[in-house]
Each structure stands twice: as structure tokens, then as C-alpha cells.
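Here is a guided walk through one protein model, written for someone new to reading structures. Take a look at the sequence and the 3D view, then read on.

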Amino acid sequence: MGETILSGIDIWMPYISLDASGEVRFTDGRHRFAWVRDHGAEAIMISTGPGEVAEWERRYGTTARVCKVMLPLARG
């Protein structure tokens, strides 16, 4: 996943929803989300259904609008 992200190609935002019990469910993008999270991102944009936006903002809302990660050191 890291090679794909670091290649600079456009990448879709993860699509995340809430199941009937309110648990987080990934429809698409679990590996992208995990890689960015594991590399220090404090914020990441997601896609979700319009009926869930308010709940996502309540649970995880932030004023951060840029996803920054700690990139691995170049080898060479």
C-alpha cells in the first residue's frame, strides 16, 4: 500500500459507514486508511453516506484539513 500511496497517483478516499449497532465498517479503503494512520496522520478525509455525516463529525470531527504522514527515509 505504501508504494502506491508514495507513487503520487490519485487515490480514492476510504468509504466508511456505521452498521446498525454504530460500529465502524469499511466498504472500501481499509488498507489505505490503515497505512496513513500507521504513518502518523492526525486527519484523513473519508467518503460516507449523507445520512452519516453528522455522526462522523460528532465522533471524529476536526478542524484539520490536511492529511500529513511521516514518510519513510529514502534508501540509497
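What follows goes from a pair of strands, by way of a few single residues, to a pocket. Keep in mind that this is a predicted model.

**The hairpin**

Let's start with the strands. Strand 1 covers residues 15-18 and strand 2 covers residues 24-28. The two pair up in the antiparallel sense, with four bridges between them. If you want a spot to look at, find Leu18, which stands opposite Val24 in strand 2. Between the strands of this hairpin sit five residues. Gly22 in the hairpin takes a positive phi, near 90°.

Another glycine is worth a glance: Gly40, which follows helix 2, also has a positive phi, near 95°.

**Three residues up close**

Now zoom in on three residues and ask how much of each one is open to the outside. Buried here means under 20% relative accessible area, while exposed means over 50%, with partly exposed in between.

| Residue | Where it lies | Relative accessible area | Class |
|---|---|---|---|
| Ser17 | strand 1 | 17% | buried |
| Val24 | strand 2 | 29% | partly exposed |
| Trp56 | helix 3 | 11% | buried |

Why does Ser17 count as buried? Its relative accessible area is 17%, which is under the 20% cut-off, so the label fits. Val24 comes out at 29%, so it falls in between and is called partly exposed.

Who are the neighbours? Setting aside residues within four places in sequence, Ser17 touches Glu23, Val24, Arg25, Thr27, Thr48, Glu52 and Trp56. With the same kind of neighbours set aside, Val24 is in contact with Ile16, Ser17, Leu18, Trp56, Arg59 and Tyr60. So Trp56 turns up in the list for Ser17 and in the list for Val24. Ile5 is another story: Val24 and Ile5 are 19 residues apart in sequence, and 23 Å apart in space from C-alpha to C-alpha.

**A pair of rings**

The model has two aromatic pairs. One of them is formed by Trp56 and Tyr60, whose ring centres are 5.6 Å apart. The planes of these rings meet at 35°, so the pair counts as tilted. Both residues belong to helix 3, and they are four residues apart, about one turn of the helix.

**Helix 2 and the pocket**

Which residues of helix 2 are buried? They are Arg32, Ala34, Trp35 and Val36. The buried residues of this helix pack against helix 1 (2-6) and strand 2.

Helix 2 (30-38) also helps to line the largest pocket, as do strand 2 and helix 3 (53-60), each with at least two residues. Helix 2 gives the most, with five residues. How much space lies in this pocket? About 990 Å³. The lining has 31 residues, and those nearest the centre of the pocket are Phe33, Ala43, Ile44, Met45 and Ile46. Sorted by class, the lining holds 23 nonpolar, three polar and five charged residues.

Note on methods
Residues are numbered from 1 along each chain as its sequence is written. This is a predicted model: local features need pLDDT of at least 70, side-chain atom pairs count only at pLDDT 80 or more; totals for chains, interfaces and linings use all residues. Side-chain values use heavy atoms; hydrogens and water are left out. Two strands pair if DSSP finds at least two bridges between them. On a 1 Å grid over the protein atoms alone, a cavity is a set of points where a 1.4 Å probe fits but cannot get out, and a pocket is an open set with protein on both sides within 12 Å along at least five of seven lines; lining residues have an atom within 4 Å of a point. Grid points are joined across faces, edges and corners, and a volume is the space filled by probe spheres set on the points. Ala, Val, Leu, Ile, Met, Phe, Trp, Tyr, Cys and Pro count as nonpolar, Asp, Glu, Lys and Arg as charged, and the others, Gly among them, as polar. Rings of Phe, Tyr and Trp (its six-membered ring) pair if their centres lie within 6.5 Å; planes under 30 degrees apart count as stacked, over 60 as edge-to-face and the rest as tilted. Buried means under 20% relative accessible area, exposed over 50%, partly exposed in between (1.4 Å probe, protein chains only). Contact means heavy atoms within 4.5 Å.
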